[in-house]
Amino acid sequence: MAVTRLRNIKGPHATEIERKIKRGNTLRQASWWRGYRGLAALLLVVLCTCAGAGLLLHLSSLDSDITETLVRQRELVSPQPRAYGVPCSEDYDNYKRYPGCTPQKCGRVVTDGVVTREEALASILDLHSGALSMGKQFVNIYRWEGVSVSNVRGRIQAAIAEAFGLDPELMYLTKPTFFSRINSTAARTQHDEYWHPHIDKVTYGSFDYTSLLYLSDYGSDFTGGRFIFMDHNANRTVEPRTGRVSFFSSGSENLHRVEKVTWGTRYAITVSFTCDPEHAISDPALP
Ligand SMILES: O=C(O)CCC(=O)C(=O)O
Ligand SMILES: [Fe+2]
């Protein structure tokens, strides 16, 4: 306001006065800017930090692809299993149907109440003591002369039958049923590349139900190595826990992969079932 009024001053000193006023205004503006410059710089730093952190978070989420954890390692899912239903894919239409066994109800189930921690640890001991002969990566379960393989297999079979409303008598063990030992060393063959997304029914043909018995703990025995169901809208993970059994219908409704192991060793047994008696294999031989 003062500035506008003084602009109208006429007289010999008018120009001089105007110059002084202008200089005064410039100085005032400069000191105003100096006052806020620090604040602006601080704001800029905060903004950049937030944007950088956001970008990092986004990149790390792309890297791990994790969006939802179904079951954490530290949770104990017992005695009731935890079940997640999903609509069955049409994959089963391409195969002969076996009423009482072919999936009509599809989904995933996790339970810590079928195999005890002791049983799971005993099988790891068998593995380390040499009672189990072990190849570079995979051990065939037929060679597993452990205490209770049939027993464990029978209990897993009963749990699957119960969860999906099947007749356990109409389910058969099928190939491949195997031990896996995964660590962070580089894969030597394509067979070792466990981390690729896949559908068990497509990969192995005869599978109708896949079960996984975990023999080590995510977070303390190994890092990475979470099991991931790759759904259209999300990736859903199961964290391995010693003695945990996770099972699911084997069609494309359950596309999945295993996250790369980044540290330690991850042990698991894949026990697979078919409804087709022609693809049945006999029980692992006991001594
Ligand atoms: O070990 C696992 O968690 C999954 C292995 C798997 O996807 C398979 O055996 O088909
Ligand atoms: Fe699989």
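**Notebook: fold, core, sheet and ligand shell**

Of the 287 residues of the chain, I find that 31% count as buried. I note at the outset that this is a predicted model.

**Entry 1. Overall make-up**

I counted the secondary structure elements and obtained five helices and 13 strands. I then looked at contacts in the chain with a separation of 6 or more, and 81% of them are accounted for by residues 24 or more positions apart.

**Entry 2. The nonpolar core**

Which residues touch the most other members of the largest nonpolar core? I looked them up and found I156, I160, L213 and V245, in a core of 38 residues. I next listed the elements that each supply at least two residues of this core: β3 (106-111), α4 (149-164), β5 (172-182), β6 (209-214), β8 (227-230), β10 (245-249) and β13. The helix α4 gives the most, with six residues.

I examined V245 in more detail, leaving aside its neighbours within four places in sequence. Its contacts are T111, V114, V115, I156, A159, S211, L212 and L213. I156 and L213 appear in this list, and I had already noted both, with V245, for touching the most other core members.

**Entry 3. The sheet around β9**

I traced an open sheet of four strands in the order β1-β9-β8-β11, with mixed pairing. Which strands stand at the edges of this sheet? They are β1 and β11; each has a single partner strand, so one side of each is left without a neighbour in the sheet. I recorded an average twist of 30° from one strand to the next.

I then took the pairings of β9 in turn. Strand β1 (residues 68-71) runs parallel to β9, and three bridges join the two. V71 has V238 of β9 as its bridge partner. On the pairing with β8, I found an antiparallel arrangement with four bridges. I noted two of the residue pairs: I228 is bridged to T237 in β9, and M230 is bridged to N235 in β9. The connection from β8 to β9 is a hairpin through four residues.

Are the residues of β9 (residues 235-238) buried or exposed? I checked both faces and found them covered: N235 and T237 are buried on one side, as are R236 and V238 on the other. I set this beside the general rule that side chains in a regular strand alternate between the two faces of the sheet.

**Entry 4. The shell around ligand 1**

I listed the residues around ligand 1 as S180, D200, L212, F227, H256, V258, A268 and T270. The elements that give two or more residues to this shell are β11 (256-258) and β13 (266-274). By character, I divided the shell into four nonpolar residues, three polar and one charged. L212, a member of the shell, is also among the contacts of V245.

**Entry 5. Cis peptide bonds**

Most peptide bonds are trans, and I therefore recorded the exceptions I looked up. The bond from S78 to P79 is cis, with omega near 0°. P79 is found in the loop between β1 and β2 (82-86). A further cis bond joins K175 and P176, where omega is about -10°. P176 is found in strand β5, one of the elements supplying at least two residues of the core.

**Entry 6. Two partly exposed positions**

I looked first at G205, in the loop between α5 (200-204) and β6. How many other C-beta atoms lie within 10 Å of G205? I found 14, and G205 is therefore partly exposed. G205 and T270 are 65 residues apart in sequence, and I read 15 Å between their C-alpha atoms. T270 belongs to the shell around ligand 1.

I then turned to A280, in the segment after β13. A280 has 15 C-beta neighbours inside 10 Å and so counts as partly exposed; a residue is buried only if 20 or more lie within that distance. Not counting residues up to four places away in sequence, A280 touches Y172, L173, T174 and T274. From A280 to E68 I noted 212 residues along the chain and 35 Å between the C-alpha atoms.

Note on methods. Residues are numbered from 1 along each chain as its sequence is written. Chains are lettered from A and ligands numbered from 1 in the order in which they are written. This is a predicted model: local features need pLDDT of at least 70, side-chain atom pairs count only at pLDDT 80 or more; totals for chains, interfaces and linings use all residues. A residue is buried if 20 or more other C-beta atoms lie within 10 Å of its own, exposed if 12 or fewer, and partly exposed in between; C-beta atoms are placed from the backbone. Two residues are in contact if their C-beta atoms, placed from the backbone, lie within 7 Å. A residue is near a molecule or strand if its C-beta atom, placed from the backbone, lies within 6 Å of it. Ala, Val, Leu, Ile, Met, Phe, Trp, Tyr, Cys and Pro count as nonpolar, Asp, Glu, Lys and Arg as charged, and the others, Gly among them, as polar. A nonpolar core is a set of buried Ala, Val, Leu, Ile, Met, Phe, Trp, Tyr and Cys residues joined through C-beta atoms within 7 Å. Two strands pair if DSSP finds at least two bridges between them. Axes are lines fitted to C-alpha atoms, for helices over the stretch in contact, and angles run from 0 to 180 degrees between N-to-C directions.
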